[in-house]
Every structure is written in structure tokens, then in C-alpha cells.
Amino acid sequence: MNLRQIEVFRAVMLTGSMTDAAKLLHVSQPGVSRLIRHLEIQLGVALFERRNGRVVATAKARALYAEVENVYRGVHHLQDIASRLSYAENTMLRVIASASVGLEAVPRATAQLLDEKPNIKVCFESLPTREISRLLLSEEADLAISTAPLEHPALDVRVIGHWSMLFALPSGHPLADRPEFSLSEALSQRLIVYSHEAPQTKLIDLWMEQQGGGRQACVEVRSGNAACAMAAAGAGVAIVDDLSALAFKQHDLVFVPVPGAPQFPIYSASNLSQPLSSIGQQFLGLVQDQLQALQAGAPWHQRSVESLMPQV
């Protein structure tokens with residue numbers, strides 16, 4: 001397969017339609033159909049079944065697609081390296097982050113870096129933990145900020161801050177205005193919990209098991225921001241990280257610190273074979289400063305620890 005065949009085959013797999021694939025690639029639909037037919041003849045296998053104007057991938061097409069995606073990522077990596085050649089050293093920084101730190105801390109640090117270094121270009125993406133590790137190891141990213149540990153011998157992982165847990169309660173919830181917060185009663189409410197893919201899941205689940213008792217999981221989400229949105233709509237009570245809480249702009253929630261809950265690390269990570277540039281080091285310092293400033297100014301810190309001791 002040549003690169004053009006790979007591109008067209010991938011487009012058809014993604015869209016499920018010769019017509020939509022043509023639109024995606026800005027070419028004619030007959031041209032896409034001819035190329036796919038030629039590819040099937042070349043390979044000697046049927047890749048698609050035609051049904052009511054749509055195409056359905058065969059098992060062999062799905063197997064081929066998995067390999068095509070690997071090639072496609074490799075081509076993009078090559079294009080990324082080529083594009084970086086046009087920039088002088090220390091003028092581009094590729095940053096990836098967990099969702100919660102990507103809501104406020106990383107964008108604020110980016111803005112500050114650009115104020116101080118206006119010629120810098122920052123490429124930023126918020127990704128799941130498994131993707132963060134992959135991009136660092138393949139040298140497709142320079143620096144990661146993660147709320148979940150990234151364990152790999154080829155990565156330089158450091159603790160740069162901490163996040164803590166809060167209860168997100170809908171405005172007017174009976175537990176919101178009590179001078180003493182009842183942890184056992186909060187855990188008996190309808191709870192908004194995290195899917196297994198979310199970085200908070202293992203940490204929060206372990207802590208909740210230590211508290212004992214059951215719980216009513218009514219909604220499952222993948223991010224703290226989604227948990228906040230569900231709680232604000234009245235779907236239930238959520239345990240969220242303080243960074244997601246700080247980024248949630250609506251006024252339909254009350255955030256209450258979780259009595260006796262531990263803090264969890266926030267990590268930076270980079271590839272040991274690709275040391276951080278001076279710009280990367282500067283950016284990392286700005287992220288740490290922003291984390292401290294955001295969390296120090298949080299309104300829930302005004303509530304005294306003594307008034308939040310659990311009633312059990």
C-alpha cells in the first residue's frame with residue numbers, strides 16, 4: 001500500500017461512506033471508489049460490503065486498519081519532526097496533560113510563558129494517561145503534567161504539587177449549609193463516580209473502601225468537569241478533584257472539603273533520552289506557581305478544618 005491508499009482507506013474506515021470519505025479528503029467520490037476497488041484487487045480480499053449506500057468493513061479490513069493507524073501515527077510523527085526543523089532551538093514546546101490540570105493550571109502557565117517569551121510556540125493537548133505515556137515515549141511530546149502516576153523506566157517523573165478531594169453538592173442540598181459535615185451521610189447519597197479509565201478512580205475508590213459502608217453509584221463519568229456538571233444538574237453528589245472544581249464556572253454547586261481525605265500527587269514527566277529544554281524547565285516552574293496560586297485562593301479553604309470533622 002502506498003501513502004495515498006492508506007489515506008483513502010483510513011478515511012473510508014472513519015466515515016463508513018465513500019461519499020463522506022471523499023468530502024473529508026476534498027476529492028471526488030468516484031475517485032475514492034476506484035481506489036478502494038483497486039486496493040481490494042491488489043490485496044486479493046474484500047475490504048468492504050456495500051449496504052444501502054453505506055460501506056461496512058469486513059474483519060480483514062478492521063485488521064488492516066489497526067496496522068494503518070500505526071503507520072498513520074508514524075507519518076504524523078515524521079511531519080511533526082520536519083515542522084520543528086523550521087523553528088530555532090527552544091522556540092517550540094509540546095505539552096500534554098491530564099484533563100483536570102489542563103483546565104486552568106496549564107493554560108495559565110502557557111499564557112504567562114507567552115507573555116515572557118513572545119516568540120515561543122506551545123502545542124498543547126489534554127489526553128488520557130495511557131496516551132500521555134505513549135507520546136512521551138515516542139518523543140511526540142516534550143513535557144507532561146499528570147494527576148496519575150506515569151510508571152516507566154524511560155520517563156523522568158517528579159512530584160510538582162498535590163490535588164485534594166472535594167464533595168460537589170448541588171446548591172440548596174441539605175448537606176451544603178451544615179456547620180458540621182457528615183461524611184457517612186454524604187456517602188449514602190446518590191453518587192457520581194468515575195469510570196475505570198479516569199486517573200482519579202483507583203485513588204478515590206481505595207479511599208472510599210477505607211471509609212467502609214456501601215455507596216449508590218448513579219452516574220459514571222470520565223472527568224472531574226463532567227462530574228461537576230452532573231452534580232450541578234442535580235443528578236447526584238460527586239467527589240471531585242479541587243482542580244476541576246476551581247475550573248467549574250457555574251454557580252450551581254457548593255464544594256466542601258472531604259474530611260480527613262489525603263492529598264494525591266501531581267506529576268511532571270519527560271523522556272529521559274530527551275532532556276527538557278530551558279523553555280521546558282521555565283514552563284514547568286510556571287505550572288508549579290500556578291498550581292500553588294490557584295489552590296491557595298480556593299474559597300473552600302476559608303472553612304475551618306475543625307468544623308469539617310466527620311460525624312460517624
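## Phe-283 and the main core

Welcome to a predicted model, in which Phe-283 touches Leu-93, Val-95, Val-106, Ala-109, Thr-110, Leu-113 and Leu-143, leaving aside neighbours within four places in sequence; contact here means heavy atoms within 4.5 Å. Because the model is predicted, local features need pLDDT of at least 70 and side-chain atom pairs count only at pLDDT 80 or more, while totals for chains, interfaces and linings use all residues. Residues are numbered from 1 along each chain as its sequence is written, and side-chain values use heavy atoms, with hydrogens and water left out.

Phe-283 is also one of the residues with the most contacts inside the largest nonpolar core, together with Ile-145, Phe-167, Val-240 and Phe-255; this core has 62 residues. A nonpolar core is a set of buried Ala, Val, Leu, Ile, Met, Phe, Trp, Tyr and Cys residues joined through side-chain atoms within 4.5 Å. Buried means under 20% relative accessible area, exposed over 50%, and partly exposed in between (1.4 Å probe, protein chains only). Helix H11 (residues 278-296) gives the most to this core, with seven residues. Apart from it lies another core, of 21 residues, among them Ile-6, Met-13, Ala-22 and Leu-47.

## The sheet around E5

Helices (H or I, at least four residues) and strands (E, at least two) are DSSP runs, numbered from the N terminus, and two strands pair if DSSP finds at least two bridges between them. One open sheet has five strands in the order E4-E3-E5-E12-E6, with mixed pairing. Its edge strands are E4 and E6 (155-163), each of which pairs on one side only. From one strand to the next, the twist averages 20 degrees. Axes are lines fitted to C-alpha atoms, for helices over the stretch in contact, and angles run from 0 to 180 degrees between N-to-C directions.

What covers the two sides of strand E5 (residues 143-146), buried or exposed residues? Leu-143 and Ile-145 on one side and Ala-144 and Ser-146 on the other are all buried. In a regular strand, side chains alternate between the two faces of the sheet. Strand E3 (residues 92-97) pairs with E5 in the parallel sense over three bridges, and Ala-97 has Ile-145 as its bridge partner in E5. Strand E12 (residues 264-271) runs antiparallel to E5, with three bridges joining them; here Ser-146 is partnered by Tyr-267. E12 also pairs with E6, in the antiparallel sense over eight bridges, and Asp-156 has Ser-270 as its bridge partner in E12.

## Helix H5 on that sheet

Helix H5 (residues 105-116) has twelve residues and reaches 17 Å from its first C-alpha to its last, close to the 16 Å expected at 1.5 Å a residue; the expected span is 1.5 Å times one less than the number of residues. Its buried residues are Ala-105, Val-106, Ala-109, Thr-110 and Leu-113. Seen down the axis of H5, these fall within an arc of 130 degrees, so they line one face of the helix; the arc is that of the directions from the helix axis to the C-beta atoms.

The buried residues of H5 pack against E3, E4 (121-126), E5 and H11. The direction of H5 makes about 175 degrees with that of E4, and on the sheet the helix touches E3, E4 and E5.

## A second sheet and helix H9

Another open sheet of five strands has the order E9-E8-E10-E7-E11, again with mixed pairing. E9 (216-221) and E11 (253-257) are the edge strands, each pairing on one side only. Neighbouring strands are turned by 35 degrees against each other on average, direction ignored. Inside the sheet, E8 (residues 190-194) and E10 (residues 237-241) run parallel and are joined by two bridges, with Val-237 in E10 as the bridge partner of Leu-191. H9 packs on this sheet, touching E7 (165-170), E8, E9, E10 and E11, and its direction makes about 150 degrees with that of E10.

Which residues of helix H9 (residues 224-232) are buried? They are Gly-224, Ala-227, Cys-228, Ala-231 and Ala-232. Viewed down the axis of H9, the buried residues fall within an arc of 130 degrees, so they line one face of the helix. Just after H9, Gly-234 takes a positive phi of about 90 degrees.

## Trp-207 in H8

Trp-207 sits in helix H8 (residues 200-211) and counts as buried at 3% relative accessibility. Not counting residues up to four places away in sequence, Trp-207 touches Met-165, Leu-183, Ile-239, Val-258, Pro-259, Gly-260, Ala-261 and Pro-262. Trp-207 and Pro-262 are 55 residues apart along the chain, yet their C-alpha atoms are separated by 8.3 Å.
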